[in-house]
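Visitor: May I request a close look at a single part of this structure, the surroundings of the ligand? I should be grateful for one connected account.

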Amino acid sequence: MRPYRPLAIPASEITPEASYFQRRDILRMAAAGGLALAAPSLAFGTEMLEAKPGGYDPGEELTPEADVTSFNNFYEFGTGKADPAKNSGQFNPRPWTIQVDGMVGKPAEFDLDALMALGLEERIYRMRCVEAWSMVIPWIGFPLASLLDKVEPLGSAKYVAFETVVRPEEMPEQRGVFQPLPWPYVEGLRLDEARHPLTILSMGLYGKTLPNQNGAPVRLVTPWKYGFKGIKSIVRITLTEEQPPSTWNKLAPNEYGFYANVNPEVDHPRWSQATENRVGGGGFFGSNDRPTLMFNGYGNEVASLYDGMDLTVNF
Amino acid sequence: MQLPTLPKRYHAASIWALYALGLLPAAWTFYLGATGQLVGNPVKIFEHLLGEWALRFLILTLTISPIRDLFGVNWVRYRRALGLLAFWYVAMHFLAYIVLDKRLAFDVIVEDIFKRWFITIGMAAFVLLIPLALTSNRWSIRKLGAGWVRLHRLIYPIAAVGALHYCLSVKVIGPEQLIYAGIIAVLIGWRLVRPRFMAMKRGRRPQYGKLAAEIPRTD
Ligand code: HEM
């Protein structure tokens, strides 16, 4: 059963995109007036977000929204899976801008309205964490290529570097004596990976704007790579000639590669990647182990990006 | 420091209460997991909880004699229960791993135990705990005499390895791991300075004969 019905209406029938700032004002007015809203329940700080169907659906059962928004890795808010949902209440993702610069013809800043204007679609992707668990998530986002086109990458640009916001006042693990990672969290893709049609910047899930714990307001989604590549709360995107650093790769290069493509044949030194646990529902006995697919099942689309590469070396 | 003492007639009952209380986290979490009330990855949550409680009971086992040395409070009667609880938690942690996590895929389990360092040493600690658990009874103490004391000193390397296993099992070592490892380091370190401390203490006071430190109580 799919409790959430993903979008399947033709794009022509969708009402014109309403700015969600406007929507937020409506919600606020409604709340102030003490009106009972007949809208679907919203996680703290999220709002309805409209999108057209994006045509990606693996046809597997969706991971319940409660699991998608309460079982997260977002070390800025804590290292436990429940920490991001618990500790991200202070985080305020609005207003927000992403600076796009580096080896581009037209460096620019984009605010959320400008990003949404790039055309939001709903896409259902598998998500495979490097820790051997997985989900199926209805994201809302736009192809990263649409954003890159706006800034006109130079011919010499080979890579794309990403950076997460640093806000110690709002992100508890960015202050204090024990900080689990060096900040800012950084990630990178090869330019052809970044331009690949599967690569999106996501601004929402389950029909709503992203909850803080999922990387509000904008995060990367590369469904054929391990989840840690999906950098959250992005403030800067820089095109570079050299391979940019990636936080986990710098921390433990023998455990986390730059590419981090999902690969059941290359184990993490401390656990096997051959199988994965599909998160959500069922408890011990309904819990759902399944074989992990090469490139997380997106091999037809992405395998050619890595032609001739030894994936046990470039893991 | 003078704590109210528990009347002797309640000693046996308090030990059974400790067993019951000690097994509660495992029982309750198993119930939540079996009925689908653990959000996210129920198997891992349960497996981790068992590992953490194993470590906590190892720590508690090691605190009994320093508490007596330092504060004169004798809780040695609870030490066997604490040690056995530690053993049962490690055993349940192991079972959760092979049954719930690895679904009895023995090829994978064997590979894990031999190939993945942190599991190798965890397994070693578990194996070493078995003779301790088997000899945690009056009959063995009497039978083994001084050998019993020597055998049960294995608890120190076991606890140290348990802490190391914990540190190596996580992606980034954080405050939790350091706190557990730190406590265990202090408790083991205490054993090294203890002889000197006790000599000092005795020097200041009349000697009441051999301190019962190493003599296991059987009540
Ligand atoms: C003295 C013995 C042991 C102690 C004290 C212990 C304790 C722990 C602790 C505290 C954790 C981490 C929990 C967390 O991250 O919150 C852990 C993880 C783990 N332990 Fe043990 N353990 C012991 C023995 C074993 C044995 C015998 C095995 C299996 C052969 C084992 C397999 C594992 C595995 C696979 C994990 C990681 C689970 C995961 O996240 O995938 N441990 N252990």
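Guide: A donor is an N, O or S atom within 2.8 Å of the metal, a limit that is 3.2 Å for Na, K and Ca. Please keep in mind that this is a predicted model. The iron atom of the ligand has two protein donors, the NE2 atoms of His93(B) and His165(B), which lie 2.0 Å from the iron. Around the iron there are 6 donor atoms, and the arrangement is octahedral because they subtend angles of 87 to 179 degrees. For six octahedral donors, the ideal angles are 90 or 180 degrees.

His93(B) belongs to helix α3 (residues 79-101) of chain B and His165(B) to helix α8 (residues 155-169) of chain B, so the two histidines tie together parts that are 72 residues apart in sequence. Their exposure may be described in turn. His93(B) has a relative accessible area of 21% and is partly exposed, whereas His165(B), at 17%, counts as buried; the cut-off for buried is under 20%.

The rest of the ligand also has protein around it. Among the 20 residues that surround the ligand, those that come nearest are Lys44(B), His48(B), Glu52(B), His93(B) and His165(B). Two polar contacts involve ligand oxygen: a polar side-chain atom of Lys44(B) is 3.1 Å from an oxygen atom of the ligand, and an N or O atom in the side chain of His48(B) is 2.6 Å from an oxygen atom of the ligand. In addition, a polar side-chain atom of His165(B) lies 2.7 Å from a ligand nitrogen atom. Helices α2 (42-71), α3, α5 (117-134) and α8 of chain B each give two or more residues to this shell.

Technical notes:
Residues numbered from 1 in each chain as written. Chains lettered and ligands numbered in written order. Predicted model: local features only at pLDDT ≥ 70, side-chain atom pairs only at ≥ 80, totals over all residues. Heavy atoms only, no water. Tetrahedral: all angles 85-135°; square planar, octahedral: opposite > 155°, others 65-115°. Helix = DSSP H or I, 4+ residues; strand = E, 2+ residues; numbered from the N terminus. Buried < 20%, exposed > 50% of the residue type's maximum accessible area, 1.4 Å probe, protein only. Near = heavy atom within 4 Å. Polar contact = N/O pair within 3.5 Å; in protein donor to acceptor, adjacent residues only side chain to side chain.
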